[in-house]
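Got the viewer open? Let's take a short walk through this model, one selection at a time.

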Amino acid sequence: MVAVLAGGTVAFLVQDKAVRVSVDGTSRTLHTFADDVGELLDAEGVTVGARDTVAPAPATGLDDGDEIVVRRGTSGSGPVPGRAPRVPRRP
């Protein structure tokens, strides 16, 4: 009986992953049992729009110590974080 309980505890701990998630520069470390990036983002209520960037891709499997970065897209009215601003051409 003790061996069964110990085995279950070990299996539980092996599936728990500490993952760092950064959304628009705000980072936090989460503990999760999610199998992939998309499942973790869904569980945390992080919605991803068509113009947003997620790295690694949502279908990527998760391992302990992974880092996920979500950057929100823009409507085209301002600079994109991490990119040089566009310079208008001279006439």
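What follows is a tour of a predicted model, going from the sheet to a few single residues.

**Stop 1: the sheet.** Switch to a cartoon view and look for the strands. There are 4 of them, forming an open sheet in the order 2-1-4-3, with mixed pairing. Which strands sit at the edges? Those are strand 2 and strand 3 (53–55), each of which pairs on one side only. On average, neighbouring strands in this sheet are turned by 20° against each other, ignoring direction. As a bit of background, strands of a sheet pair through backbone hydrogen bonds, and that pairing can be parallel or antiparallel.

**Stop 2: one pair of strands.** Now select residues 67–71, which make up strand 4. Strand 4 pairs with strand 3 in the antiparallel sense, over 3 bridges. To see one bridge up close, pick Thr53 and look across to strand 4, where its partner is Arg71.

**Stop 3: Val19.** Go to strand 1, residues 17–23, and select Val19 there. Is Val19 buried or exposed? Its relative accessible area is 1%, and under 20% means buried, so Val19 is buried. Next, show what surrounds Val19. Leaving out neighbours within four places in sequence, its contacts include Arg28, Thr29, Leu30, Leu62 and Ile68. Asp63 is also in contact with Val19. Try a distance label on that last pair: their C-alpha atoms are 7.7 Å apart, although their positions lie 44 residues apart along the chain.

**Stop 4: Thr32.** Hop over to strand 2, residues 26–32, and pick Thr32. Thr32 is another contact of Val19. Thr32 counts as buried because its relative accessibility is 8%. Show its side chain and follow it to the backbone nitrogen of Ala34, which it reaches at 2.9 Å. Then turn on the residues around Thr32: setting aside neighbours within four places in sequence, it is in contact with Gln15, Asp16, Lys17, Val19, Leu40 and Leu62. Leu40 and Leu62 also turn up among the contacts of Val19.

**Stop 5: Asp42.** Finish in helix 2, residues 37–43, by selecting Asp42. Is Asp42 buried or exposed? With a relative accessible area of 63%, Asp42 is exposed. Add Pro58 to the selection for one last distance: from C-alpha to C-alpha, Asp42 and Pro58 are 10.0 Å apart, and they are 16 residues apart in sequence.

Definitions and conventions
Residues numbered from 1 in each chain as written. Predicted model: local features only at pLDDT ≥ 70, side-chain atom pairs only at ≥ 80, totals over all residues. Heavy atoms only, no water. Helix = DSSP H or I, 4+ residues; strand = E, 2+ residues; numbered from the N terminus. Buried < 20%, exposed > 50% of the residue type's maximum accessible area, 1.4 Å probe, protein only. Polar contact = N/O pair within 3.5 Å; in protein donor to acceptor, adjacent residues only side chain to side chain. Contact = heavy atoms within 4.5 Å. Pairing = 2+ DSSP bridges. Axes fitted to C-alpha atoms, helices over the stretch in contact; angles between N-to-C directions.
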